[in-house]
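Biologist: I am a first-year student, and I would like one part of this protein explained slowly and with care. Please stay with that part for a while and then show me how it fits into the rest.

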Amino acid sequence: FKANKYYTVKTSSTSEGKTTTMTMQYVAPDKTYLKMDGEGSYEIISIDKTTYTKAGNTWYKQTIKTDTSNTDTKVDFDEPKDDTTAQETYKSLGKEACGNLTCFKYEVIDKNNTTTKEFIWFDTKDYQLRKTRSESTNGEVSESTFSYDKVTINEPSPVKDLKEGEYIIPGATEPTSLPTG
């Protein structure tokens with residue numbers, strides 16, 4: 001995903017007879033849009049340090065204040081020397097259509113997880129991830145499709161500013177105040 005300035009992920013999940021759909025869009029370096037439909041529907045837009053959350057029919061705005069007092073934090077991202085945790089293998093299942101493209105299809109085999117079958121599709125042109133599917137033995141299914149076409153994410157309008165100490169729980173219709181004390 002780092003190589004792409006834009007991407008969209010659309011996911012549909014079914015569990016206990018209920019379906020939830022999610023759309024996530026990204027514009028590098030700092031814009032995201034998330035929309036969840038189903039039980040507890042919500043929309044969130046993040047642009048830099050500002051988050052817009054839709055509650056009911058109203059967009060609320062909240063900007064995160066940056067604390068620059070401790071800038072000496074160093075994080076070590078080195079890979080472990082001996083990685084014995086990788087348990088996945090990949091089985092080629094040939095090629096098949098995925099949208100308007102032809103894709104390589106693989107089964108992801110995790111010997112520690114025998115209750116879920118997972119599949120991934122990569123296009124044969126750019127070798128980008130185009131689809132994932134997870135099928136659980138209890139009937140739960142989740143499928144995601146990926147596209148890398150240009151998307152536009154803009155600040156919604158009109159918006160209401162959240163007051164100090166207020167926040168929005170995704171799916172709520174009104175802001176909630178943080179407890180004091």
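How many bridges join β7 to strand β8 (residues 101-110), and do these strands run parallel or antiparallel?

Modeller: Nine bridges join β7 to β8, and the two strands run antiparallel. Before we look closer, please keep in mind that this is a predicted model, in which local features need pLDDT of at least 70 and side-chain atom pairs count only at pLDDT 80 or more, while totals for chains, interfaces and linings use all residues. Residues are numbered from 1 along each chain as its sequence is written, and side-chain values use heavy atoms, with hydrogens and water left out.

A strand here is a DSSP run of E with at least two residues, a helix is a run of H or I with at least four, and both are numbered from the N terminus; two strands pair if DSSP finds at least two bridges between them. To find one of the bridges yourself, begin at A97, whose partner in β8 is T102. The two strands make a hairpin with two residues between them, and there G99 takes a positive phi near 65 degrees.

The same region holds a disulfide, a term used for a pair of cysteine sulfur atoms within 2.5 Å. The cysteines are C98 and C103, with their sulfur atoms 1.7 Å apart, and by this rule the count comes to one disulfide. In general, a disulfide is a covalent bond between the sulfur atoms of two cysteines. Buried means under 20% relative accessible area (exposed is over 50%, partly exposed in between, with a 1.4 Å probe and protein chains only). C98 counts as buried because its relative accessibility is 10%, and C103 counts as buried because its value is 0%. Over the whole protein, buried residues make up 25% of the 181 residues.

Around this hairpin there is also an open space, the second largest pocket, whose lining includes C98, G99, N100 and L101, together with R130, K131, T145, F146, S147 and D149. A pocket is found on a 1 Å grid over the protein atoms alone, as an open set of points where a 1.4 Å probe fits, with protein on both sides within 12 Å along at least five of seven lines, and lining residues have an atom within 4 Å of a point. About 190 Å³ of space lies in this second largest pocket, the volume being the space filled by probe spheres set on the grid points, which are joined across faces, edges and corners. β10 and β11 (141-147) each supply at least two residues of its lining, and the largest share, three residues, comes from β11.

From β8 the chain can be followed onward, since a hairpin joins β8 to β9 through five residues. Six bridges hold this antiparallel pair, and in one of them F104 of β8 has F122 of β9 as its partner. F122 also leads us further, as it stands opposite L129 in β10. Strand β9 (residues 116-123) and strand β10 (residues 129-136) run antiparallel and are joined by seven bridges.

Now step back to the whole sheet. The protein has zero helices and 14 strands, and 12 strands form an open sheet with mixed pairing, in the order β7-β8-β9-β10-β11-β1-β2-β3-β4-β5-β6-β12. Our starting strand β7 (88-98) is an edge strand, as is β12 (159-161), and each of them pairs on one side only.

Elsewhere in the sheet, strand β2 (residues 18-27) and strand β3 (residues 31-37) are antiparallel, with seven bridges between them, and the bridge partner of T21 in β3 is D37. These two strands form a hairpin with three residues between them. β3 then pairs with strand β4 (residues 42-47) in the antiparallel sense over six bridges, among them the one between L34 and I44. In the hairpin of β3 and β4, which has four residues between the strands, G38 takes a positive phi near 130 degrees.

Finally, the largest pocket has about 250 Å³ of space. Its lining includes K61, Q62, T63, D161 and L178, and strand β6 (residues 58-63) gives the most to that lining, with three residues.
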